[in-house]
Each structure stands twice: as structure tokens, then as C-alpha cells.
Amino acid sequence: MRLQIDLAEAAEVDLIVTADWYDRQAPGLGNSFISQVDAILDQLMHYPEMYQIIFDPVRRAVLRQFPFGVIYHVRPASVEVLGIMPCRADPKLLMRRIASARRL
């Protein structure tokens with residue numbers, strides 16, 4: 001089964017802002033960040049339930065070389081990505097992001 005990936009607007013902003021920040025640290029590092037996020041999104045299309053539940057029904061897929069996680073939940077026909085956030089982000093920020101998403 002292959003599910004559609006829906007990026008919330010906040011997740012798109014997270015991706016752009018973080019990639020830009022990494023590029024300012026070292027040219028090309030932002031592209032590496034985007035490539036790792038793309039690899040996670042590809043996995044989620046095929047195996048959406050492979051990652052840990054952090055707040056039911058929300059899951060987090062952690063990137064390999066960056067301290068960030070893809071925050072998402074699985075719907076019947078799609079995966080909604082709520083954010084791409086630092087693993088050390090304040091849990092209150094994460095909860096606000098989840099609450100601002102569409103009804104889960």
C-alpha cells in the first residue's frame with residue numbers, strides 16, 4: 001500500500017527555515033537535511049506505522065544525521081505531517097502544534 005503524504009503548512013515552513021539555517025552553517029548542509037526528510041517521507045508512504053507513537057495517535061520519525069523528527073499521524077488514505085521539529089523541542093510547543101492541526 002502507498003499512502004499520500006500531506007505536509008501541513010507549518011511543516012513546510014519548518015523544512016524551509018531549518019534547511020536555510022543549515023545552509024548558513026555550511027553550504028550544502030541544507031540539501032542534506034532535505035534529502036533525509038525526503039527519505040523519511042518515502043518510508044512513511046510505504047510503512048507509516050513503523051515509527052514510535054509519542055502522543056496517541058501522533059508519531060515521530062527521527063532523522064539519522066540531524067537532531068530532528070518528522071511529526072505525523074496516519075489517516076486511512078494518507079499521512080499528515082504536522083511538523084519537522086528538533087528532538088529537544090519543548091513538549092508544550094509540540095502539543096500546540098498537534099492542537100493546531102486538523103482534528104486527529
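What covers the buried residues of helix 3? The cover includes helix 1, strand 2, strand 3, strand 4 and strand 5. The structure discussed here is a predicted model. The points below treat helix 3, the strands, the pair formed by helix 1 and helix 2, and the aromatic rings.

**Helix 3 and its two sides**

- Helix 3 spans residues 91-100, and its buried residues are Leu94, Arg97 and Ile98.
- These residues lie on the same side of helix 3, because the arc they cover around the axis is only 100 degrees.
- In general, an α-helix has 3.6 residues a turn, so residues three or four places apart point the same way.
- Lys92, Arg96, Ala99 and Ser100 are exposed, and they sit on the face of helix 3 that is turned away from the buried side.
- Among the elements that cover the buried residues of helix 3 are helix 1 and strand 4, both of which appear again below.

**Strands 3, 4 and 5**

- Strand 4 comprises residues 68-74 and is mostly covered, with six of its seven residues buried.
- Strand 3 (residues 58-62) runs antiparallel to strand 4, and the two are joined by five bridges.
- Five residues lie between strand 3 and strand 4 in the hairpin that they form.
- On its other pairing, strand 4 runs antiparallel to strand 5 (residues 78-86), with seven bridges between them.
- The hairpin from strand 4 to strand 5 passes through three residues.
- Ile71 of strand 4 illustrates both pairings: Arg60 stands opposite Ile71, and Gly83 is the bridge partner of Ile71 in strand 5.

**A cis peptide bond before strand 3**

- The peptide bond that leads from Asp56 to Pro57 is cis, and its omega is near 5 degrees.
- Pro57 belongs to the loop between strand 2 (52-55) and strand 3.

**Packing of helix 1 and helix 2**

- Two packed helices are described by the angle between their axes and the distance between the axes.
- Helix 1 (residues 9-25) and helix 2 (residues 29-46) have axes that cross at roughly 145 degrees and come within 6 Å.
- Helix 1 makes this contact through Leu15, Thr18, Ala19, Tyr22 and Asp23, while helix 2 contributes Leu29, Gly30, Asn31, Phe33, Ile34 and Val37.
- By class, the residues of this contact are seven nonpolar, three polar and one charged.

**Aromatic rings**

- Six aromatic pairs are found in a search of the whole structure.
- Trp21 and Tyr22 form an edge-to-face pair, because their planes stand at 80 degrees, with ring centres 5.0 Å apart.
- The two residues of this pair fall into separate accessibility classes: Trp21 counts as partly exposed at 41% relative accessibility, whereas Tyr22 counts as buried at 10%.
- Tyr22 also pairs with Phe68, and this pair is edge-to-face because the planes are at 70 degrees, with ring centres 6.1 Å apart.
- The pair of Tyr22 and Phe68 links distant parts of the chain, as Tyr22 is in helix 1 and Phe68 is in strand 4, 46 residues apart.
- Both Tyr22 and Phe68 are buried.
- Through ring pairs, Trp21, Tyr22, Phe33, Phe66 and Phe68 are linked into a cluster.
- Two members of this cluster, Tyr22 of helix 1 and Phe33 of helix 2, also take part in the contact of the two helices.

Methods: Residues are numbered from 1 along each chain as its sequence is written. This is a predicted model: local features need pLDDT of at least 70, side-chain atom pairs count only at pLDDT 80 or more; totals for chains, interfaces and linings use all residues. Side-chain values use heavy atoms; hydrogens and water are left out. Buried means under 20% relative accessible area, exposed over 50%, partly exposed in between (1.4 Å probe, protein chains only). Helices (H or I, at least four residues) and strands (E, at least two) are DSSP runs, numbered from the N terminus. Two strands pair if DSSP finds at least two bridges between them. Axes are lines fitted to C-alpha atoms, for helices over the stretch in contact, and angles run from 0 to 180 degrees between N-to-C directions. Contact means heavy atoms within 4.5 Å. Ala, Val, Leu, Ile, Met, Phe, Trp, Tyr, Cys and Pro count as nonpolar, Asp, Glu, Lys and Arg as charged, and the others, Gly among them, as polar. Rings of Phe, Tyr and Trp (its six-membered ring) pair if their centres lie within 6.5 Å; planes under 30 degrees apart count as stacked, over 60 as edge-to-face and the rest as tilted. The arc is that of the directions from the helix axis to the C-beta atoms.
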